[in-house]
Amino acid sequence: MKERLILITILAIGAAGCNESVDPNEPTGFIQVKGSDTIVNAAQMVSEEFMKEYPHVFVAITGGGSGVGIASLINGTCDVATASREMKPKEIEIANKHDVFPKEFTVAYDGVALIVNENNPIERLSIEDLHKIYTGKATNWKEFGGKDMEIVTLSREVSSGTHMYFKEEVVQLGQKGSTEEFFNQTLLLSSSQAIVEEVAANEAAIGYLGMGYVSERTKALLISKDGVAYPPNTDNVKNKKYPLSRGLYFYTNGEPQGVTKLFIDFALGPKGQQQFMETGFVPIGDTSVAQKN
Amino acid sequence: MHKRISEYFIETCIKLSGLVVIIFVVSIFLFLLKDSLSLFGIYNFRDFLFGKSWLPISEPAKFGVVPLFLGSLYVTIGAIVICVPLGVGSAMFIAEVAPAYLKHVLKSLVEILAAIPSVVLGFIGIVWMGPFLRNALNLNTGMCGLTGSLLLAFMALPTVISISEDALIGVPKTFKEAAFGLGATRWQTLWRIVLPSASSGIIAAVMLGVGRVIGETMVVMMVTGNSPVIPKSLLQPLRTMTATIAGEMGETVSGSEHYFALFAVGLILFIITFIINFIADICLRRARR
């Protein structure tokens with residue numbers, strides 16, 4: 001009986017192998033996509049749709065943070081780097097030194113949401129308030145009309161694009177050359193999910209993450225810049241009313257070729273954009289061309 | 001003749017494997033040394049060793065290793081303080097007191113404890129132990145050094161238990177018989193005769209436990225909060241050297257200042273474990289005499 005089973009299995013595998021004869025015109029290959037944790041779920045879904053359409057192209061998606069993606073693009077260990085921030089001029093300079101010439105594609109837009117525990121009475125904060133909280137100038141929720149609790153500030157690791165974006169826009173208030181740093185008591189957590197867990201469990205915590213990670217378990221704050229506060233949602237990001245809105249990017253080394261080009265076109269096309277929308281991001285308005293550089 | 005050839009062959013094999021290990025250790029050290037020394041061409045050595053802030057992506061970047069070193073030190077001391085009494089105590093129980101059937105059950109349970117992957121422990125730390133400690137001790141956050149120390153103590157327990165148990169079992173029976181013959185109780189024998197005679201093995205167990213704890217990465221990265229501050233107590237978030245290397249290595253471009261700085265941190269870790277092993281070795285030799 002057992003031998004029979006094994007024989008059948010071998011035959012089945014053999015038969016499957018025979019069916020695998022590839023149409024020579026069909027694209028085959030392997031694409032390594034690495035980078036932003038913010039986009040990793042969306043990219044995973046795009047790749048699954050992509051592999052349905054092109055079954056002989058294999059796409060591997062890894063997270064780790066935008067910095068990880070950009071570093072591996074420079075080190076030549078990935079085909080597409082995903083990033084939730086733009087490459088810094090210094091990074092481009094280093095890339096060029098390594099004979100890598102990054103080309104940028106904006107694939108979607110995202111809002112950076114601030115989340116607090118459901119039992120926290122605070123509903124809205126301004127960018128100025130966030131700046132005070134994240135630089136340690138304000139350390140108690142009392143100062144914003146909340147309970148008398150010390151604020152626990154949560155942040156992503158330094159490899160995160162969201163960390164970099166938040167540092168520039170909130171900690172340094174968008175001023176170039178500012179030397180403000182994150183409050184040194186800030187907890188640096190290694191994933192967006194870890195931030196969700198801590199905020200869901202800790203009444204005094206505040207954390208930031210990509211809009212796609214906001215769930216029922218935590219409360220997203222309304223954020224104001226010049227008076228009016230807006231919740232982080234698709235419409236407010238699209239019309240730029242939500243103050244912490246940003247682009248999400250794919251980077252390739254030079255003009256994308258072969259299967260990599262197919263993948264980028266697919267992500268920017270209607271089917272790819274659909275996946276970004278389903279994972280909570282805002283699709284780019286004009287799906288035909290959306291690139292610079 | 002035939003015997004001679006096989007003897008020679010086996011001898012050479014053993015000699016070669018010994019040499020290979022030495023070559024590995026030396027080349028790892030040289031590799032670390034080369035990349036970390038590259039840092040000091042571009043970054044001040046004293047700022048690295050005595051710098052009080054670790055800000056790797058700021059302009060200009062600061063690579064002060066003091067907060068990371070103290071983070072590792074605090075977590076390790078905490079873990080050892082929790083782990084050693086527990087571990088040596090259980091080893092004494094298993095080796096000397098427990099009845100045979102319980103001995104088998106306990107030994108296999110200790111082995112299972114050793115088989116738990118560190119990520120799983122880290123997850124338990126995030127979801128359960130962190131919130132529990134926060135409520136129990138009324139802290140701001142459960143992501144603190146103590147959570148890390150407790151979980152690391154769990155991880156080091158199997159090492160400490162099994163090696164101390166071996167040491168206790170290895171004490172010659174005659175010692176015990178002599179003590180009993182002089183009218184000592186079971187406790188007096190265990191505490192004054194067996195434990196001191198096994199001290200060399202127990203010190204080795206503790207040192208290996210320290211080695212395990214200081215090199216552990218995943219758990220501390222998940223539960224200690226990773227704030228690069230100079231810690232004042234175990235009850236606040238801190239960042240260890242291992243978590244820094246693991247958390248930041250992926251984003252560095254090879255050959256950059258940050259990359260070399262992480263290697264320099266790795267070199268410090270290497271030197272620390274080297275010193276620990278060296279001390280353990282000296283202790284062992286002294287105890288044997």
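**Close-up views of the predicted model**

**Figure 1. Order of elements in chain B.** From its N terminus, chain B follows the order α-α-β-β-α-α-α-α-α-α-α-α-α-α, with 12 helices and 2 strands (DSSP runs numbered from the N terminus: H or I of at least four residues for helices, E of at least two for strands). This is a predicted model, in which local features need pLDDT of at least 70 and side-chain atom pairs count only at pLDDT 80 or more, whereas totals for chains, interfaces and linings use all residues. Residues are numbered from 1 along each chain as its sequence is written, and chains are lettered from A and ligands numbered from 1 in the order in which they are written.

**Figure 2. Crossing of helices α5(B) and α6(B).** The axes of α5(B) (residues 118–137) and α6(B) come within 10 Å and cross at roughly 140° (lines fitted to C-alpha atoms over the stretch in contact, with angles from 0 to 180 degrees between N-to-C directions). The two helices are therefore oblique to each other (neither under 35 degrees, over 145, nor 65 to 115). Among the residues making the contact are Gly125(B) and Met129(B) of α5(B) and Leu150(B) and Phe154(B) of α6(B) (C-beta atoms, placed from the backbone, within 7 Å).

**Figure 3. Surroundings of Val107(A).** Apart from neighbours within four places in sequence, Val107(A) is in contact with Leu248(A), Tyr249(A), Phe250(A), Ala267(A), Leu268(A), Phe276(A) and Ile284(A).

Technical notes: Contact = placed C-beta atoms within 7 Å.
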